[in-house]
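Welcome! Please take a moment with the sequence and the 3D view below, and then we can walk through them together.

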Amino acid sequence: MKGTSRPPILRCRDVHRSLGHAENRSDILNGIDMKIEASQVCAIAGPSGCGKSTLLYLFGLLDRPDEGSIWLNECEVSTAHDVFRTRLRNEHIGFVFQFHFLLPAFTAIENVMIPMKKAGRMRHEQMQNRASALLDDIGLAGKTHRQINQLSGGEQQRVAIARALANNPSLLLADEPTGNLDFQTSETVFSQLYDLAKDRGAAVLLVTHNHELSSRCDRTFQMRDGRFMDA
Amino acid sequence: METKLWISLRFILEKRKSFLMSLTGTVFGVTFFIVTQAQTAGFERFFIETIIGTNGALRIQDKYQDTIRSLSADSQNSDSGFNISMRRGKRYISGIQYPKRVAEAIREFRNVTAVSEVVTGNVEINTGQKKHGGEIYGINLQDHLEVSRLASQIVFGSLNDFRNDAAGVLIGRRLAERLLTEVGDSLALTAADQSRRFKISAIYETGVSDIDKVRLFLHQPGARSLLKRPFGASFLQVNLADIDRAPQDAEHMSSVIGHLTVSWQEREKTWLEAFKFLRISAAITVSTIILISGLGMFNTLAIIVMEKRREIAILRSIGYTREDVSSIFLLQGLLILVLGIILGWLCAAGLTFAISRIPIHIRGVFSTDYFPVYWSAAHYIAAAAVAFIVVLTASYLPARKAARFEPAEIIRGTAI
């Protein structure tokens, strides 16, 4: 981890999360502490079911911890109001899901424009130009107006990355972004995530099983049974 | 709103079948609501026009005098020093003794536009071949034309022939058919032990068979002579500028002139109640249909929301609020509502017009050769209001459910 005096983009302390009810309840996260700074690319690695995705959802403000605190840009967000957290998701967080999670009723460029439309910072033409540029950056220049189901798995994942970057987030979270991709496409997607993070100064946190990819990150958090191994 | 509408439209286009089903239900509901109201109100209006055009908006009849019983009843009901006359327990004196004076007093009422003095009596009609009972109406033609639609009810012959012939008679179509007579034929009328001959100047048809089979119009002098009633009148038929005010005017006139005054609403109460019942019954039936289609729509939208859980989670994860998600699904309902109302209105207008052209032959309470329909903006507004309540309720519940979904739960569920 590179030493820096800049405040972290993301920080959490003693985060706990359980899922299920009554006798089916199981502890997924058991006291997570971590921080990520700007331009850092970090990975969370670990066996299936160790709590990687659950932690990512908490950082993506899609879920709330049972205990502990999460700070985004030094603002405590774990207990914040739903409307505030929703605005943060739109303006400060980009999320790439394992299964793309694109809206099939829209074209590639429209999928990228949807978060921009919610933010409402740009005019329609500006949004179109930015979405085109983002898709161009990840090699989908000729497929911007294709419906989602007319794109391959790798192309869909790249559209999802472009969408995650749409509002220029300070935190980019990716859950197994290369999990369903072949080696070559995985390489391309990772390189793009890495380069885009470095170029835009965002913090990137990705969950992966791929040791090759995690070894290329600035830092890798090894996770087991809801805890970081190096904690 | 523009973005939410855009997303809403795309979701609709993705689920065209479900959307069309919901839209069809709304269109049918709105259409049938309006059409049934147009029909029932059409019959009611037609009946009212016929009956007012024949028997007038108001009739001033017998004179009444308070009796000890009626005065005591009035005193019991009054806390003040005033006694307001009540109809029950009064003594009635048949007819109007001084019709000219009463007519003058009635004309002072602002709502009154015309008054016609009528002398009535039962007669026996003899054509030489057939005999039949009848009721003569002795009228001053010009006065009576101003309180009735007699001029437009002439189906054979000419009103001018009647005007110019002191021994002329106007007879109802059903009566003419029964007597096998036609215009130009003469007939003898017998009453009060005397008989006189009259010539049929014209045949009228009010459409009300109870009238058309018994009533004959004579010039008043002829009628008075036949009935041996040189003075007075049986009743005054009154026309009003605003017929809806007839009950209030009747009550007021009755207290001022001391004669029984009956409004058309009171006179035709039985029929009006029947029409009202029919109209409410039709509205309830069609509202039930709209409600059922609303339930179908609720079902469809609820299924769409369940099927769109993944999309809802995506929208929430990229920054769309619960209100945004709820609005997207409410907008779907709103689109169905707006389109349903517009298309329903158009279909209803077309269907109402088509129904008004259907030839039917009704002879009874009134007579018509085409389906009477009544065009009223109120029907269209009421149908839109019912659709508004049902469709938005059907949309609101699924929309609220959509807003409640937790994105992490859906994503976790989808990922497993």
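**A walk through two chains**

Strand E3 (residues 112-126) of chain B runs antiparallel to strand E10(B), and six bridges join the two. Strands here pair if DSSP finds at least two bridges between them; helices (H or I, at least four residues) and strands (E, at least two) are DSSP runs, numbered from the N terminus. This is a predicted model, in which local features need pLDDT of at least 70 and side-chain atom pairs count only at pLDDT 80 or more, while totals for chains, interfaces and linings use all residues. Residues are numbered from 1 along each chain as its sequence is written, chains are lettered from A and ligands numbered from 1 in the order in which they are written, and side-chain values use heavy atoms, with hydrogens and water left out.

Let us stay with E10(B) for a moment. One bridge to follow by eye links Ala114(B) with its partner in E10(B), Asn239(B). Strand E10 covers residues 235-240 of chain B, and six of its six residues are buried, where buried means under 20% relative accessible area, exposed over 50%, and partly exposed in between (1.4 Å probe, protein chains only). Phe235(B), Gln237(B) and Asn239(B) point one way from the strand, while Leu236(B), Val238(B) and Leu240(B) point the other way.

Elsewhere in chain B you will find helix H10 (residues 220-227), which is largely enclosed by the rest of the structure because six of its eight residues are buried. Those buried residues are Gln220(B), Gly222(B), Ala223(B), Arg224(B), Leu226(B) and Leu227(B). What do the buried residues of H10(B) pack against? Their partners are E3, strand E4 (131-139), strand E7 (186-191), strand E8 (194-204) and strand E9 (215-219) of chain B, with contact meaning heavy atoms within 4.5 Å. Just after H10(B) comes Lys228(B), whose phi is positive, near 55°.

Now turn to chain A, where an open sheet of four strands has the order E2-E1-E4-E5, with antiparallel pairing. Strand E2 (26-36) and strand E5 (75-76) of chain A stand at the edges with a single partner strand each, so one side of each is left without a neighbour in the sheet. Strand E1 (residues 10-19) of chain A pairs with E2(A) in the antiparallel sense over eight bridges, and Arg17(A) has Leu29(A) as its bridge partner in E2(A). As background, strands of a sheet pair through backbone hydrogen bonds, either parallel or antiparallel.

Also in chain A, Arg130(A) has its place in helix H4 (residues 124-137). A polar atom of the Arg130(A) side chain lies 2.8 Å from the backbone oxygen of Leu165(A). This is a polar contact, a pair of N or O atoms within 3.5 Å; within protein, one must be able to donate a hydrogen and the other to accept it, and residues adjacent in sequence count only if both atoms are side-chain atoms. Beyond its neighbours within four places in sequence, Arg130(A) touches residues including Met116(A), Asn167(A) and Arg200(A).

Aromatic rings are another good thing to look for, and a search of the whole structure finds 15 aromatic pairs over all chains. Rings of Phe, Tyr and Trp (its six-membered ring) pair if their centres lie within 6.5 Å; planes under 30 degrees apart count as stacked, over 60 as edge-to-face and the rest as tilted. Phe47(B) and Trp271(B) are a tilted pair, 5.8 Å centre to centre with 50° between the planes. Phe47(B) lies in helix H2 (residues 16-55) and Trp271(B) in helix H13 (residues 269-307) of chain B, so the pair ties together parts that are 224 residues apart in sequence. Phe47(B) is buried at a relative accessible area of 1%, whereas Trp271(B) is partly exposed at 39%.

Finally, look at where the chains meet. Chain A and chain B bury about 2,500 Å² between them, 65% of it on carbon and sulfur atoms; buried area is the accessible area (1.4 Å probe) that two parts lose on being put together, summed over both. In chain A, Phe101(A), Phe106(A) and Lys118(A) lose the most area to chain B, together 23% of what that side buries. Across the chains, the side chain of Arg316(B) makes a polar contact with the side chain of Asp82(A) (3.3 Å).
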